[in-house]
Amino acid sequence: MKKIATLLMASLLIANLGFSQYEKIDWGKLLKSNKKSYYPVIIGDDEKSIYVTAEVGKENVVETYSKGNFSLELSKIITPQKIDKKKTTLEKVVFVDHKYFVFISYFDKKTKLSNMFVYKMDPKTGDKIGKEVKLFAIAVEKKKRQGGFNVVTSKDKSKILINQYAYYKKQKVYKDIYRLLDTDLNVLTKKTETIKKSDIEYKSYYHKIDNDGTFYFLKEYKGDGNKFYIVSYDANKDYEKWEEEVTMDKMDAKSGNSIVSGVTYTLNANDEIVMCGYYSERVSQGTKKNGKAKKEKMEILGSFYLALDKNSKEVKIKKINRFDQDFINQFKTAKDVKKDKDAKVPNQFSSIELIPKADGGMIMIGELYFMYHYYDNDGNAHHYELFGDLMVLNLDKDGNLLWANRIPKKQVFWYNFKGAVVVASTGVSGIVVPNWRTVQYFSYQAALDGDNVIILFNDNPKNTITSNDLDKTKSLTKLKKSVITRYNINLKTGKKEESLFMAGKDYEVYFKPMVSYQKEQGSDIYTFGINGKKYKYGILK
């Protein structure tokens, strides 16, 4: 009866609200993992197969699936290697040159060297191809300060960039060490960035390589939110370093109370470096009853767009797009309506995704996210985590804002510890452990077909396309009562159309947005669902 009621409710919603019903996920064969903790990442595809690396319990595996019905063709445990009688740690698996490249490392206590190796695996048989190859040995101070490794590949899979980031306490410096390889594992260049800790609090991120071998990354000065730098080492200029600060001054805008936030970048279809983010300002909140000024808040007022020529690094386009009030008012709360006030967009859209369009433009998606954890005066722990609304912007190749849309979404995880009793967002109270696994079904999946931006996420069936006030939007709670909501936003007009899928249990698995893959606009869009040990891969139609 409950299943019939759920189906009937979803059908009524679709009929009454005029949702467009698109084809659904074309799920493949139902498979079963030998462990409940199965965490896959899709790392590539070709005409016949998709390629996956996964954590299964305490083991790491590589897997190959048929593109026809997503049946499992290969599952091979990545056996921990011993080199010089020392156990290695798996750092990363990438799919390059139609092979799995497995990167491993170990720390030598005697020499205080952090050593990295790579070997190849056949994606059809899982056999190791040849012996492991030593890539480098880097001197560090101790094991716990050997830093972390990052491995990224170029879009055409012809180049591999390895980055090691470590802190050297005795020297009081951070070191970013880079090695660029081709698919034959020849070292094309070696570079090191050294930054004094006394000068700045620093991090680098968003490492990318283009098909020529030029590599890029962002640097952020944590002490000053205004300071972001884009850095490149140009393969066409003997890996000459170039660095540019991105500020509101660079955008020909008044800097004053204005900052850029959520800065990210990518290469567009015209092979330009495109940087995007939000234009925010510190806005006065008026005065208190005692006459003192209230604390200023950061509010998003628009977006910025900066395009640079990949070779000359000349700024080709710089654009500030200030949002109109009609769009901002899509974020109105019940309190705003009651007081007849315009909405304000908080500077909390911290997770930014850029999807290049085939015409050289860009889709920019921001997700409202915040988390806080605190202890009250009685020592009780309180935790709250929100994956909220989406802000979807369509920018043309000249940086002009074609349209902006809000997608209402509310996925909340919370718990309160009160002595031995836990009250959690599942509604359960007693001596329980909060189900952290719920969060892995939060967030969203985004892709581009020829005509639309496609957004999918798990949702509460009581929400509708007319949902507006975040306070009234129902949070996703129990997966068993969830639906998959899909938005198609027309690239030309910005018109939103929504459709509801049945609850995850009707697919035998629950949709997991964070496991998704699309190579580029118009290519296949892969999805994933899991329920306990049962899982499926699928393709979005």
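A residue is taken as buried when its relative accessible area is under 20%, and in this predicted model both Phe327 and Phe331 are buried. The ring centres of Phe327 and Phe331 lie 5.5 Å apart with the planes at 90°, so the two rings form an edge-to-face pair. A pair of aromatic rings is described by the distance of the centres and the angle of the planes.

Across the whole structure, a search finds 29 aromatic pairs. One of these joins Tyr278 to Phe349 in an edge-to-face arrangement, with 6.4 Å from centre to centre and 65° between the planes. This contact links distant parts of the chain, since Tyr278 belongs to strand β22 (residues 272–283) and Phe349 to strand β25 (residues 349–356), the two residues being 71 residues apart. Tyr278 has a relative accessibility of 0% and therefore counts as buried, and Phe349, with a relative accessibility of 3%, likewise counts as buried. Elsewhere, Tyr38, Tyr65, Phe528, Tyr535 and Tyr537 come together in one aromatic cluster.

Charged side chains were examined next. The structure holds 18 salt bridges, among them one between Arg406 and Asp389, whose closest N and O atoms are 2.7 Å apart. Here too the pair links distant parts of the chain, with Arg406 in strand β28 (residues 401–407) and Asp389 in strand β27 (residues 381–395), 17 residues apart. Arg406 is buried, its relative accessible area being 3%, and Asp389 counts as buried at a relative accessibility of 3%.

Strand β22 also contributes Glu272, which is paired with Lys316 of strand β24 (residues 315–322), a link between distant parts of the chain that are 44 residues apart. The side chains of Glu272 and Lys316 meet in a salt bridge with an N to O distance of 2.8 Å. Glu272 is buried, with a relative accessible area of 8%, whereas Lys316 counts as partly exposed at a relative accessibility of 46%.

A further salt bridge is formed by the side chains of Lys241 and Glu243, at 3.4 Å from N to O. Lys241 has a relative accessibility of 39% and so counts as partly exposed, while Glu243, with a relative accessible area of 29%, is also partly exposed. In addition, Asp45, Lys67, Lys519 and Asp524 are linked in a network of salt bridges.

At the surface, Lys32, Lys35, Lys36, Lys58, Lys533 and Lys534 form a positive patch. Of the residues in this patch, Lys534 is found in strand β38 (residues 534–540), and its relative accessibility of 33% places it in the partly exposed class.

The backbone was considered last. Most residues other than glycine have a negative phi. His98, which is not a glycine, nevertheless has a positive phi of about 60°, and this residue lies in the loop between β9 (89–96) and β10 (99–108). With a relative accessible area of 56%, His98 is exposed. Asp340 likewise shows a positive value in a residue other than glycine, its phi being near 55°. Asp340 is located in the loop between α3 (334–338) and β25, the strand that also contains Phe349, and at a relative accessibility of 67% Asp340 counts as exposed.

Note on methods. Residues are numbered from 1 along each chain as its sequence is written. This is a predicted model: local features need pLDDT of at least 70, side-chain atom pairs count only at pLDDT 80 or more; totals for chains, interfaces and linings use all residues. Side-chain values use heavy atoms; hydrogens and water are left out. Patches are made of residues with over 30% relative accessible area and no salt bridge: like charges are joined within 9 Å, nonpolar side chains (Val, Leu, Ile, Met, Phe, Trp, Tyr) within 5 Å. Accessible areas come from the Shrake-Rupley method with a 1.4 Å probe; for residues, only the protein chains shown count as cover. A salt bridge is a side-chain nitrogen of Lys or Arg within 4 Å of a carboxyl oxygen of Asp or Glu. Lys and Arg count as positive and Asp and Glu as negative; His and the chain ends are not counted. The place of a charge is taken as NZ of Lys, CZ of Arg, CG of Asp or CD of Glu. Helices (H or I, at least four residues) and strands (E, at least two) are DSSP runs, numbered from the N terminus. Buried means under 20% relative accessible area, exposed over 50%, partly exposed in between (1.4 Å probe, protein chains only). Rings of Phe, Tyr and Trp (its six-membered ring) pair if their centres lie within 6.5 Å; planes under 30 degrees apart count as stacked, over 60 as edge-to-face and the rest as tilted.
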